[in-house]
Amino acid sequence: MPSDGPAVSEESSGASTGERSAAAEYPEELECDVTDVRGTSLHLRPIRADDADRLVTFHSHLSPDSIYRRYFASHPLLSPTEVSHLTQVDYQERLALIILDGEEIVAVGRYDEVPPGATAEVAFLVRDDFQRRGLGRILLNKLASAAWSRGLTSFSAVTMSENRGMISVFEHCGYPVTLSADGEERYVTFPIDPAMRTSVAKGPDQPGAR
Ligand SMILES: CC(C)(COP(=O)(O)OP(=O)(O)OC[C@H]1O[C@@H](n2cnc3c(N)ncnc32)[C@H](O)[C@@H]1OP(=O)(O)O)[C@@H](O)C(=O)NCCC(=O)NCCS
């Protein structure tokens, strides 16, 4: 299983230095409204400890295939320990962003810093009925911006070779992505320096707005 690593506009998240800053109360400035490719208005914000029930409900609505692609195993139920781990983050070395449709979580993106630091592993999970609506791309952009402003300089990920959706999100993110294969798995690494992002992907974070 891959590690769990694993908004307002990108501009407002202070993505300018890559220097470490002091940790970390709830980063309200990362909250923002987003719009998916169908024009549905959704709310993006950092996860909180009181999202435990919402996360359990989100997980219960995922298809076995989506769960397998995320956890590399059948994993129909999250244990209480997992729920605590996934919802209680320090917003610095571990950050999770959720997208809500009303009160329901429909997508989660997270990064977890990998010791000794500067790089973090990312992971994403979008509810099946919200997949291919641009949410994976929005979450990656917001996570990269937040991570850079917290002093992290690169992201890594492990995904299944057949996971076209995840690989496409990375390939089109605008950062110089390196992909390598090892059997059934693909390893992805890339710097998250905004200066290295190609201009085609630098536009607004809304799907279809590039
Ligand atoms: C993989 C996943 C995170 C992608 O998120 P998403 O919100 O569905 O992706 P987006 O709508 O942002 O799509 C981004 C790009 O990927 C493409 N894409 C998305 N799903 C795709 C699929 N199944 N096949 C081919 N391309 C796909 C989109 O067309 C889009 O391309 P574009 O940038 O050229 O427009 C989501 O489908 C998911 O949660 N899957 C199950 C769990 C999983 O695989 N997690 C990854 C573990 S690291």
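This is a short talk on one protein chain and the ligand it surrounds.

Hi everyone, thanks for coming. One thing before we start: what I'm showing is a predicted model, so please keep that in mind as we go.

Let's begin with the overall layout. The chain contains five helices and eight strands. If you walk along the sequence, the order is β-β-α-α-α-β-β-β-α-β-α-β-β. There are 210 residues in the chain, and 37% of them count as buried.

Now the strands, starting at the N-terminal end. Strand S1, residues 32–35, pairs with S2 in the antiparallel sense, and four bridges hold that pairing. If you want a spot to click on, Cys-32 has Leu-44 in S2 as its bridge partner. Five residues sit between the two strands of this hairpin, and one residue to look at there is Gly-39, with a positive phi near 90°.

S2 also runs antiparallel to S3, again with four bridges. Here Leu-44 turns up once more, standing opposite Ile-99 in S3. Hold on to Ile-99, please, as we'll meet it again in the core.

Over to the other end of the chain. S6 and strand S8, which covers residues 185–191, are antiparallel partners over seven bridges. Val-158 is matched with Tyr-187 in S8. On S8 we also find strand S7, residues 178–182, joined to S8 in antiparallel fashion by five bridges. There, Thr-178 has Thr-189 as its bridge partner in S8. The S7 and S8 hairpin has two residues between its strands, and Gly-183 takes a positive phi near 65° in it.

So what fills the inside? The largest nonpolar core is made of 45 residues, and the ones with the most contacts inside it are Ile-99, Ala-107, Leu-139, Leu-143, Ala-147 and Phe-155. There's our Ile-99. Several elements give two or more residues to this core: strands S2 (41–46), S3 (94–101) and S4 (104–114), along with S5, H4, S6, H5 and S8. Which element gives the most? That would be H4, with nine residues.

Let's zoom in on Phe-155. Setting aside neighbours within four places in sequence, Phe-155 is in contact with Tyr-111, Thr-119, Ala-120, Val-122, Ala-144, Ala-147, Phe-190 and Ile-192. You'll recognise Ala-147 from the list of core residues with the most contacts.

Next, helix H5. Its buried residues are Met-166, Val-169 and Phe-170. Why are these three on the same side of H5? Because they cover an arc of only 95° around the axis. There is a general rule behind this sort of pattern: an α-helix has 3.6 residues a turn, so residues three or four places apart point the same way. As for what the buried residues of H5 pack against, the answer is S5, H4, S6 and S8.

H5 brings us nicely to the ligand. The ligand is surrounded by 23 residues, and the closest are Arg-69, Gln-131, Gly-136, Gly-165 and Ser-168. The elements giving two or more residues to this shell are helix H2 (64–71), strand S5 (119–126), helix H4 (135–149), strand S6 (154–160) and helix H5 (164–171). H5 gives the most, with five residues. And the chemistry of the shell? Eight residues are nonpolar, nine are polar and six are charged.

Before I finish, a few backbone details that deserve a look on the screen. First, the loop between S4 and S5, where Pro-116 lies. Pro-115 and Pro-116 are joined by a cis peptide bond, with omega at about 10°. Ala-118 is in the loop between S4 and S5 too, and its phi is near 80°, a positive value in a residue other than glycine. Is Ala-118 buried, exposed or partly exposed? It counts as partly exposed, with 14 C-beta neighbours inside 10 Å.

The other one is Phe-72, in the loop between H2 and helix H3 (80–87). Phe-72 has a positive phi as well, near 60°, and is likewise a residue other than glycine. With 15 other C-beta atoms within 10 Å, Phe-72 is partly exposed.

That's my tour. Thanks for listening, and I'm happy to go back to any of these views.

How values were computed: Residues numbered from 1 in each chain as written. Predicted model: local features only at pLDDT ≥ 70, side-chain atom pairs only at ≥ 80, totals over all residues. Near = placed C-beta within 6 Å. Nonpolar A, V, L, I, M, F, W, Y, C, P; charged D, E, K, R; others polar. Pairing = 2+ DSSP bridges. Buried ≥ 20, exposed ≤ 12 C-beta atoms within 10 Å, placed from the backbone. Core = buried A, V, L, I, M, F, W, Y, C linked by C-beta atoms within 7 Å. Contact = placed C-beta atoms within 7 Å. Arc of directions from axis to C-beta.
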